[in-house]
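User: I would like a close look at a single part of this protein, the strand to be named below the display, with its partners and surroundings described in one connected account.

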Amino acid sequence: MSRARKGVGIGLLAAVHCVDNSGASTLKHIGMFHRKLTKVGQKMTVSVTGIKKIPGIPKTKVKQGEVRHAVLLTTRAPIMRKCGVNLRFGRNTACLVDLNNKKNAPLGDVISGPVAREVERTGLWSKLLDAHKAGKLC
């Protein structure tokens, strides 16, 4: 069993799954705001590479190739917590957000799937956590 590396995130050009209902299915990580690696709960710049085809809804909120901002919710890289727990999720997931006028509001109405507890600890994404209906933080 390998030891978890502290401070591991995702790098540039990583594939990320979108877990909100904005219409995007896959994203590509193309920019960071302030670090070498983007960690859970930090904002990043992404390009929409795949669109969900939802029957009955002809128009989505995003188009393929658009550049948007997103918040990283889970990573495949292990997260090392202060209590000694090493946590690893099955895939890299993110939620598209609107950073205009410092609203920090998610683009979609519902977030499906798990959200790491580190997202809540940042204190920036309260509207995003309200959209996460399950209320279960991992």
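User: In strand β7, which residue is the bridge partner of T74? Please start from that pairing and work outwards.

Analyst: The bridge partner of T74 in β7 is T93, as read from a predicted model. T93 also serves as the bridge partner of H17, and this residue of β7 is therefore a convenient place from which to follow two strand pairings, given that two strands pair if at least two bridges are found between them. On the one side, strand β4, which covers residues 67–74, pairs with β7 in the antiparallel sense over 5 bridges; on the other, strand β1, residues 15–18, pairs with β7 in the parallel sense over 2 bridges. A further pairing joins β7 to strand β8, residues 105–106, again in the antiparallel sense and over 2 bridges, with P106 of β8 as the bridge partner of V97.

The strand itself spans residues 93–98 and is mostly covered, 5 of its 6 residues being buried. For the protein as a whole, 43% of the 138 residues count as buried. The chain contains 2 helices and 8 strands, and along the sequence the strands come before the helices, in the pattern β-β-β-β-β-β-β-β-α-α. Among contacts with a separation of 6 or more, 52% are between residues 24 or more positions apart.

The nonpolar interior brings β7 together with other elements. The largest nonpolar core has 17 residues, and those with the most contacts inside it are L73, I111, V119, W125 and L128; β4, β7 and α2, the helix at 126–131, are the elements that give two or more residues to this core. L128 touches a set of residues that includes C95 and V97, together with V71, L73 and P106, when residues up to four places away in sequence are not counted. The bridge partners V97 and P106 are thus both among the residues that L128 touches. A second, separate core has 15 residues, including A14, V16, M44 and L107.

Strand β4, the antiparallel partner of β7 over 5 bridges, also has a residue at the surface. V67 is placed in β4 and counts as exposed at 54% relative accessibility, and together with L12, L13 and I30 this residue makes a nonpolar surface patch of about 390 Å². R68 forms a salt bridge with E66, with the closest N and O atoms 3.1 Å apart; R68 counts as partly exposed at 24% relative accessibility, and E66 likewise counts as partly exposed at 24%.

The count of salt bridges comes to 3, and the other pairs involve loops. D109 and K61 form one of them, their closest N and O atoms being 3.9 Å apart; because D109 lies in the loop between β8 and α1 while K61 lies in the loop between β3 and β4, the pair ties together parts that are 48 residues apart in sequence. D109 is exposed, with a relative accessible area of 52%, whereas K61 counts as partly exposed at 42%. The side chains of R81 and E118 meet in a salt bridge at 2.8 Å, N to O, and since R81 lies in the loop between β5 and β6 and E118 in helix α1, this pair ties together parts that are 37 residues apart in sequence. R81 is buried, with a relative accessible area of 12%, and E118 is buried as well, at 14%.

Key: Residues numbered from 1 in each chain as written. Predicted model: local features only at pLDDT ≥ 70, side-chain atom pairs only at ≥ 80, totals over all residues. Heavy atoms only, no water. Helix = DSSP H or I, 4+ residues; strand = E, 2+ residues; numbered from the N terminus. Buried < 20%, exposed > 50% of the residue type's maximum accessible area, 1.4 Å probe, protein only. Contact = heavy atoms within 4.5 Å. Patch = residues over 30% accessible without salt bridge, like charges linked within 9 Å, V, L, I, M, F, W, Y side chains within 5 Å. Areas by Shrake-Rupley, 256 points an atom, 1.4 Å probe, with all protein chains shown as cover. Salt bridge = Lys/Arg side-chain N within 4 Å of Asp/Glu carboxyl O. Core = buried A, V, L, I, M, F, W, Y, C linked by side-chain atoms within 4.5 Å.
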